[in-house]
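Biologist: I'm new to this one, so could we go through it bit by bit? Let's start with the empty spaces and then look at what sits inside.

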Amino acid sequence: MKATIERATLLRCLSHVQSVVERRNTIPILSNVLIEAGDSGTVRVMATDLDLQVIENMAAASVEDTGAITVSAHLLFDIARKLPDGSQVSLETMDNRMEVKAGRSRFKLPTLPRDDFPVIVEGDLPTSFELPAKTLAEMVDRTRFAISTEETRYYLNGIFLHVSDEDKPVLKAAATDGHRLARFTLDRPEGAEGMPDVIVPRKAVAELRKLLDESLDTNVQIDLSASKIRFTLGGENGVVLTSKLIDGTFPDYSRVIPTGNDKLLKLDPKSLYAGVDRVATIATEKTRAVKMGLDNDKVTLSVTSPDNGTASEEVAADYSADGFEIGFNANYLKDILSQIDSDTVELHLADAGAPTLIRKDEKSPSLYVLMPMRV
């Protein structure tokens with residue numbers, strides 16, 4: 001194999017695929033990327049960790065010999081990063097080595113044969129639909145902070161996608177860690193009817209979100225079965241991300257979304273965020289709890305720490321129900337407030353022990369539920 005690629009093209013492609021490759025691998029081939037030079041003047045690069053696979057095609061300046069080889073992903077990426085801007089990078093294989101040349105630089109890297117490189121077999125992906133990349137990015141952003149990191153409850157380690165028929169057919173994305181829940185709803189895309197319920201793993205979500213940044217003005221093709229999902233970004237010669245899905249059952253989260261919370265608190269999310277952030281400065285790691293005292297047209301935020309003293313702050317609010325006190329984890333509350341991009345946020349409360357519903361307004365596609373803490 002022998003191909004010449006512009007450094008910027010090579011670097012962009014490697015930056016996408018190398019983040020899938022784990023730094024520490026017991027299987028040497030999984031530290032490598034597969035590089036294939038084809039007849040059509042394109043070079044295909046592929047990386048996998050056995051659960052997630054990324055393939056990208058890049059245009060080569062020239063392909064003199066076709067062929068395929070695998071080479072260390074992080075090593076090649078680091079070399080490409082340090083080469084001079086605008087240089088032409090030649091990749092050539094000989095005697096179990098890959099020679100990388102650019103300007104006056106020469107590198108000879110060890111390689112492994114392409115036949116050893118594992119490929120995720122997608123099988124049949126019967127459900128197929130498109131979403132605008134912007135919509136998909138928003139769906140990920142509004143939900144992924146609530147994904148659980150607890151390995152024992154592995155079925156919560158991802159975003160749950162499912163379709164349902166309510167007033168109209170919708171596609172919903174949900175994530176929860178048992179303390180908070182985030183849900184995003186959009187009109188069901190054409191082709192998504194009859195789709196199986198799937199849980200997209202946390203790592204796949206993170207890689208997808210990175211790739212979306214570079215193609216926000218395009219559509220993303222999504223193909224899935226009950227066990228695999230494939231995202232195709234940027235059309236024909238774009239990036240293809242394929243992931244295994246989490247094999248588990250996501251809990252019926254609709255049961256924890258409160259419907260009878262009759263106390264409505266409206267206030268500016270930025271003021272509340274800043275207030276919570278300030279008083280939580282003295283909260284200890286163990287508690288992280290902020291108490292909210294609700295009164296007519298104001299909320300009093302307070303924190304009491306046995307080691308660091310006390311803090312309180314008043315935030316103006318629109319509230320006319322009975323006054324009471326409720327406690328929340330400060331970080332969880334801030335995570336949710338940072339998702340609300342408007343001048344008002346609605347908190348629908350019941351009592352100090354019941355989950356609270358948080359949203360921008362009733363038309364908002366995003367909805368959040370936060371469990372209270374004892375304070």
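**Pockets, a cavity and buried residues**

Biologist: How much space lies in the second largest pocket?

Modeller: A pocket here is an open set of points on a 1 Å grid over the protein atoms alone, where a 1.4 Å probe fits, with protein on both sides within 12 Å along at least five of seven lines. Points are joined across faces, edges and corners, and the volume is the space filled by probe spheres set on them. For the second largest pocket, that comes to about 340 Å³.

Biologist: Which residues that line the second largest pocket are the closest to its centre?

Modeller: A residue counts as lining if it has an atom within 4 Å of a point. The second largest pocket has 15 of these, and the closest to its centre are Asp-51, Pro-201, Arg-202, Lys-203 and Ile-246.

Biologist: Before we go on, what kind of model is this?

Modeller: Residues are numbered from 1 along each chain as its sequence is written, and side-chain values use heavy atoms, with hydrogens and water left out. Local features need pLDDT of at least 70, side-chain atom pairs count only at pLDDT 80 or more, and totals for chains, interfaces and linings use all residues, since the model is predicted.

Biologist: Back to that pocket: what gives the most to the lining of the second largest pocket?

Modeller: Helices (H or I, at least four residues) and strands (E, at least two) are DSSP runs numbered from the N terminus. Two elements, helix 4 and strand 17 (239-244), each supply at least two lining residues. The one that gives the most, with three residues, is helix 4.

Biologist: And the largest pocket: which residues lie nearest its centre?

Modeller: The largest pocket has a volume of about 450 Å³. It is lined by 17 residues, and nearest its centre are Glu-166, Arg-183, Thr-185, Glu-362 and Ser-364.

Biologist: Which strand gives the most to the lining of the largest pocket?

Modeller: Strand 13 (180-187), strand 25 (356-359) and strand 26 (366-370) give two or more residues apiece to that lining. With four residues, the top contributor is strand 13.

Biologist: How many residues of the lining of the largest pocket are charged?

Modeller: Ala, Val, Leu, Ile, Met, Phe, Trp, Tyr, Cys and Pro count as nonpolar, Asp, Glu, Lys and Arg as charged, and the others, Gly among them, as polar. In the largest pocket's lining, six are nonpolar and three polar, while the number charged is eight.

Biologist: What about closed spaces: how many cavities of 30 Å³ or more are there?

Modeller: A cavity is a set of points where the probe fits but cannot get out. The space in the largest is about 90 Å³. With a cut-off of 30 Å³ or more, the count is one.

Biologist: Which helix supplies the largest share of the lining of that largest cavity?

Modeller: The lining includes Leu-136, Ile-159, Val-205 and Phe-231, and by class it has nine nonpolar, no polar and no charged residues. Helix 3 (133-143), strand 11 (158-165) and helix 4 (202-212) each supply at least two of them. The largest share, three residues, comes from helix 3.

Biologist: Which residues have the most contacts inside the largest nonpolar core?

Modeller: A nonpolar core is a set of buried Ala, Val, Leu, Ile, Met, Phe, Trp, Tyr and Cys residues joined through side-chain atoms within 4.5 Å. The largest has 103 residues, and those with the most contacts inside it are Ile-35, Leu-265 and Met-292.

Biologist: Thr-70 caught my eye: is it buried or exposed?

Modeller: Thr-70 belongs to strand 6 (residues 67-72). Buried means under 20% relative accessible area, exposed over 50%, and partly exposed in between (1.4 Å probe, protein chains only). Thr-70 has a relative accessible area of 0%, so it is buried.

Biologist: And with which side chain does the side chain of Thr-70 make a polar contact?

Modeller: A polar contact is a pair of N or O atoms within 3.5 Å; within protein, one must be able to donate a hydrogen and the other to accept it, and residues adjacent in sequence count only if both atoms are side-chain atoms. The Thr-70 side chain reaches the backbone oxygen of Leu-112 at 2.9 Å. Its side-chain partner, at 2.9 Å, is Asn-32.

Biologist: Last one: how far apart in space are Ala-182 and Tyr-253?

Modeller: Ala-182 sits in strand 13 and is buried because its relative accessibility is 0%. Ala-182 and Tyr-253 are 71 residues apart in sequence, yet C-alpha to C-alpha the separation in space is 9.9 Å.
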